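Could you have a look at this one before anyone builds on it? My notes are below the picture.

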Amino acid sequence: MMKAPDPQHSLQRRRLLVASTRLALGGAAWFALSGAQAQPSYTVTTAQLQEAVAKRFPLRKRAEGILDITVQAPQLRMMPELNRLGAVMAVEAGGQVLRRAYPGTFDLDFALRYEASDMTIRAHQLRVNTLQFEGLPPEVSLLLASYGPQLAEQALQGAVLHTLKPQDLALPDSMGVQPGSITVTARGLVIGFVNKQQP
């Protein structure tokens, strides 16, 4: 007499088949972990982050109503030791007061959060490291330095670095999990999943 198939075993086989199919078709970057308690994870490369954030730039702002500031797209750097991303941006200060344009650099770093309402990964907790210009008069440099935090917020606070698609979350949703942790690695981000909260 044949033994009836174990429903739990069949469910696990179906989940593994779905995960394997996704990987074979070259879809989202998923890692299927072994074991009965396996949770999926989703990766985002540095190149994908760079491409997404560049859509916000160039950014043009006026400081204190007298100085025109132009900020170019940032060059991102992974900071795994702090679980943050760094950004270096070329900036330019000009306007009638200065009579010519002064080039400079803007360096900051930030953390990441997941926004469930639109399935995005966004920048938050910005921290300004330096805002420097070449050849600016000291009083103007001081003014711009004080403007740094405001400029950082306008440039990157809440900026979308990646948007997940419904099909990206189909597999974890079927497993009863949802995006949780975001871990910065040398090559990009790894999104971990946690069990869904029961209503």
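Here are my points, starting with how the values were obtained.

1. Ground rules. This is a predicted model, where local features need pLDDT of at least 70, side-chain atom pairs count only at pLDDT 80 or more, and totals for chains, interfaces and linings use all residues. Numbering runs from 1 along each chain as its sequence is written, and side-chain values use heavy atoms, with hydrogens and water left out.

2. Confidence. pLDDT is the predictor's per-residue confidence, from 0 to 100. The chain averages 84, and 79% of the residues score at least 70. Helix α1 (residues 7–24) is lowest at a mean of 46, while strand β5 (residues 75–79) is highest at 98.

3. Weak stretches. Residues 16–28 stay under 50, with 12 contacts (heavy atoms within 4.5 Å) beyond four places in sequence. Residues 30–37 are also below 50. Where pLDDT is low, the predicted coordinates should not be read in detail.

4. Layout. I get 4 helices and 11 strands, taken as DSSP runs (H or I, at least four residues; E, at least two) numbered from the N terminus. Of the 199 residues, 38% are buried (under 20% relative accessible area, 1.4 Å probe, protein chains only).

5. Core. The largest nonpolar core (buried Ala, Val, Leu, Ile, Met, Phe, Trp, Tyr and Cys joined through side-chain atoms within 4.5 Å) has 45 residues. Helix α3 (residues 138–156) gives the most to this core, with 7. L156 is among the residues with the most contacts inside the core; leaving aside neighbours within four places, L156 touches residues including V53, F57, M89 and F110.

Key. Buried < 20%, exposed > 50% of the residue type's maximum accessible area, 1.4 Å probe, protein only.
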